[in-house]
Amino acid sequence: MEYNCHLVLKAYESRNIGPKVRATLDELSADLREAANIADALHQHELRGTCVSLATRIEAMAAQYETPNEEYVKLVSRLTQAFTLARQKVVKA
């Protein structure tokens, strides 16, 4: 997921926005929905809800990927930051 976030951010920063951005956003959304299913199986219902909400927002972004608004770009940036923090916590544990 983190890699896909970086690809999307890089594409928007360089203004190199094409169908590959849409495909990457679709993949990111699918990954978030898969994470939601795993969270549900682990009885982590709050985490499941967060993943579903994020997936829905990424899907909305994908629907208008050629003309992103600032809110969506910030969302992808925050996801990248969240992955970095989560990785740091895992390494410390």
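**View 1. Helix α1 of the predicted model spans residues 2–14.** This helix has 13 residues. From its first C-alpha to its last, α1 reaches 18 Å, close to the 18 Å expected at 1.5 Å a residue. Its buried residues are Glu2, Asn4, Cys5, Val8, Leu9, Ala11 and Tyr12. Arg15 follows α1. The phi of Arg15 is positive, near 60°.

**View 2. Helix α2 covers residues 19–41.** Here the count is 23 residues. The helix reaches 33 Å between its first and last C-alpha, close to the 33 Å expected at 1.5 Å a residue. Val21, Thr24, Leu25, Leu28, Ser29, Leu32, Ala36 and Ala39 are the buried residues of α2. His43 comes just after the helix and takes a positive phi of about 60°.

**View 3. The second largest pocket is lined by residues that include Leu7, Val8 and Lys10.** Its space is about 170 Å³. The rest of the lining is Ala11, Ser14, Asn16, Gly18, Lys20, Val21 and Thr24. By class, the lining has four nonpolar, four polar and two charged residues.

**View 4. Two helices contribute to the lining of the second largest pocket.** Both α1 and α2 supply at least two residues each. Which helix gives the most to this lining? α1 does, with five residues. Val8 and Ala11 belong to the lining, and both are among the buried residues of α1. Val21 and Thr24 also line the pocket, and these two are among the buried residues of α2.

Note on methods. Residues are numbered from 1 along each chain as its sequence is written. This is a predicted model: local features need pLDDT of at least 70, side-chain atom pairs count only at pLDDT 80 or more; totals for chains, interfaces and linings use all residues. Side-chain values use heavy atoms; hydrogens and water are left out. Helices (H or I, at least four residues) and strands (E, at least two) are DSSP runs, numbered from the N terminus. The expected span of a helix is 1.5 Å times one less than its number of residues. Buried means under 20% relative accessible area, exposed over 50%, partly exposed in between (1.4 Å probe, protein chains only). On a 1 Å grid over the protein atoms alone, a cavity is a set of points where a 1.4 Å probe fits but cannot get out, and a pocket is an open set with protein on both sides within 12 Å along at least five of seven lines; lining residues have an atom within 4 Å of a point. Grid points are joined across faces, edges and corners, and a volume is the space filled by probe spheres set on the points. Ala, Val, Leu, Ile, Met, Phe, Trp, Tyr, Cys and Pro count as nonpolar, Asp, Glu, Lys and Arg as charged, and the others, Gly among them, as polar.
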